[in-house]
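Dear colleague,

I am handing over the structure below, together with some notes on what was found in it. Please read the notes with the structure open beside them.

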Amino acid sequence: MLPRSWILLRGDVIEAVGHADSPEPAYDRTLNADGKLVLPGFVNPHWHESFVAPNFEQPDDSDLQPTPYARGGNIEALGSMFGFIATVGDRLTAEEGRAIARWSLWTQLRSGTTALGDLGSSNHPDAMAEAAIDLGMRLRVSRWGSDIYIRNGATCFDRVADPAAQAADWERLLEKWDNHPSGLIGGMPSVTGAFGSSDELLIALRDLCKSYQCPYATHLAPLKHEADALRAVFGMTAIERLDALGLLTPRLLAVHTAYVSDRELQRLLDTGVNICHSPAHYGMLGEATISETKLIGRLLRDGYPISSSTDGDITYTGGMPEAMRAAHLCHNEALNDNTVCPPTRALLTGTRYAAKALGWEHKIGSIEPGKQADLVLVDIDDWRYRIGNHPLRTFLVAGGSKDVHTVIVAGRVVVAAGHCVAFDEEALFRDYAVAAASARQRIGA
Ligand SMILES: [Zn+2]
């Protein structure tokens, strides 16, 4: 925490950081950050672009039913839903995909996310990567692999897609987008979960990502009922299966990992797997990822670099400020200990730890010389901050996405005073609405 400081940028890089009393370096231009909290660009490693989906939710909750994530999880319902989502991207036209992706990505950039990890979207990877470049933000782009489906109570799986075709999609994606010359885009192939993937698909994921040395991702041990469903079919849990197939490595991003045995946990820690969670999303779905096992809070307490993320939904359900708020509040509550996830650690879960999860820890995630100049300026010049001594805590507890004022990616201002620099926000939304309506008419609900 540096009160009254300066940051010197040269091109896309942070060159120096100093206190207001230290000698100022020479510069051409300044951006005045008076009344602002200057934070590293937020990194959201786990997100799904899903804004093409129609929303039938009733505002009075009269349609309320348990979600497939609630009450221990319904693996059959999830497999069916994720399998369908994995096919949507190929059914959008290039123009539809890009217009939908631009609006969807904008909601993340607007809330201070400078780098996103796509964990599999209802969109095409090309449209996602092009939209990110259009907006000037970073993206690890994905294609969701999902080739099998496990019915509740089944002892064998149904095959629903060709693993070789999905592996070929991953290879095309990596060839085109990994280490992209824009400096903004990389690849991160993913599978929905061990319950949606055959051994062939998982082996293809392992081998491709090894040859490209890129991260890969999956939901791993997220629900109480997953282990039994997998044991009945494969004789192993999700973590045991990934271990047996050689996928537990430091390039694996494992999400919502909460239901693990002591032995499985030891393997995850020994192999350096990155664990990520989405603390602000669980309550609305009825998932018990934080409080039932308290695993993620215990890992944070013990200093492991567990990242926070928003996850994806069919509407905007919050950005990284809300995710980091939930990390701060929920883990301290669950463990009855305010030292488990104080504000500075909550910020790490959405910056440095999250950059590590995307394999970009040398590039982004903190404000220090040599790193890319990704910065978020938060407006703290109002009544909420007039008393108190901890502006970061006040932002996390009483602020939110809309308080993000300026966003800088690689030294370029991409959000100024809350507005998109590259596009008119109304035009972005109109293009999205037209594209979503035409896609829904063709694909169906
Ligand atoms: Zn997810």
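**The zinc site**

The arrangement around the zinc ion is irregular, because its four donor atoms subtend angles of 79 to 165°, whereas a tetrahedral site would need all of its angles to lie between 85 and 135 degrees. Please keep in mind throughout that this is a predicted model. The protein donors of the zinc ion are the NE2 atoms of His 46, His 48 and His 219 and an OD atom of Asp 311, and they lie 2.0 to 2.6 Å from the ion. Along the chain, these donors follow the spacing H-x1-H-x170-H-x91-D. His 48 belongs to the loop between β4 (42-47) and α1 (75-88), while Asp 311 belongs to the loop between β15 (307-308) and α11 (320-334), so this pair ties together parts that are 263 residues apart in sequence. His 48 and Asp 311 are both buried.

**The hairpin at β1 and β2**

Strand β1, which covers residues 5-10, pairs with strand β2, which covers residues 13-19, in the antiparallel sense and over six bridges. The two strands form a hairpin with two residues between them, and in the turn Gly 11 has a positive phi of about 65°. If you want a point of reference within the pairing, Leu 8 stands opposite Ala 16 in β2.

**Positive phi outside glycine**

Besides the glycine in that turn, two other residues deserve a look for their backbone angles. Lys 294 is not a glycine, yet it has a positive phi of about 60°; this residue sits in the loop between α9 (282-285) and α10 (295-301). With a relative accessible area of 31%, Lys 294 is partly exposed, because that class lies between the limits of 20% for buried and 50% for exposed. Asn 336, also a residue other than glycine, has a positive phi near 55°, and its place is in the loop between α11 and α12 (343-349). Asn 336 counts as exposed because its relative accessibility is 71%.

**Salt bridges**

How many salt bridges does a search of the whole structure find? The search finds 25, and I describe some of them here.

Asp 21 forms a salt bridge with Arg 4, in which the closest N and O atoms are 3.9 Å apart. This pair links distant parts of the chain, with Asp 21 in the loop between β2 and β3 (36-40) and Arg 4 in the segment before β1, 17 residues apart. Both ends are exposed, Asp 21 with a relative accessible area of 63% and Arg 4 with one of 57%.

Another salt bridge joins Asp 126 and Lys 176, whose closest N and O atoms are 3.3 Å apart. Asp 126 lies in helix α3 (residues 125-135) and Lys 176 in helix α4 (residues 163-177), so the pair ties together parts of the chain that are 50 residues apart in sequence. Asp 126 counts as partly exposed at 23% relative accessibility, and Lys 176 counts as partly exposed at 43%.

Asp 302 forms a salt bridge with Arg 301, and here the closest N and O atoms are 3.1 Å apart. Asp 302 is partly exposed at 47% relative accessibility, and Arg 301 is partly exposed at 39%. Elsewhere, salt bridges that share partners join Asp 90, Arg 143, Asp 169 and Arg 172 into one network.

**A surface patch and a buried glutamate**

On the surface, Leu 31, Val 413 and Val 421 form a nonpolar patch, and together they have about 240 Å² of accessible area. Of these residues, Val 421 is found in the loop between β19 (419-420) and α15 (425-443), and Val 421 is partly exposed, with a relative accessible area of 48%.

Is Glu 96 buried or exposed? Glu 96, which has its place in helix α2 (residues 94-110), counts as buried because its relative accessibility is 6%, and the limit for that class is under 20%. From Glu 96 to Ala 288 the distance is 35 Å, C-alpha to C-alpha, and these two residues are 192 residues apart in sequence.

With best wishes

Technical notes
Residues numbered from 1 in each chain as written. Predicted model: local features only at pLDDT ≥ 70, side-chain atom pairs only at ≥ 80, totals over all residues. Heavy atoms only, no water. Patch = residues over 30% accessible without salt bridge, like charges linked within 9 Å, V, L, I, M, F, W, Y side chains within 5 Å. Areas by Shrake-Rupley, 256 points an atom, 1.4 Å probe, with all protein chains shown as cover. Salt bridge = Lys/Arg side-chain N within 4 Å of Asp/Glu carboxyl O. Helix = DSSP H or I, 4+ residues; strand = E, 2+ residues; numbered from the N terminus. Buried < 20%, exposed > 50% of the residue type's maximum accessible area, 1.4 Å probe, protein only. Pairing = 2+ DSSP bridges. Donors = N, O, S within 2.8 Å, 3.2 Å for Na, K, Ca; no water. Tetrahedral: all angles 85-135°; square planar, octahedral: opposite > 155°, others 65-115°.
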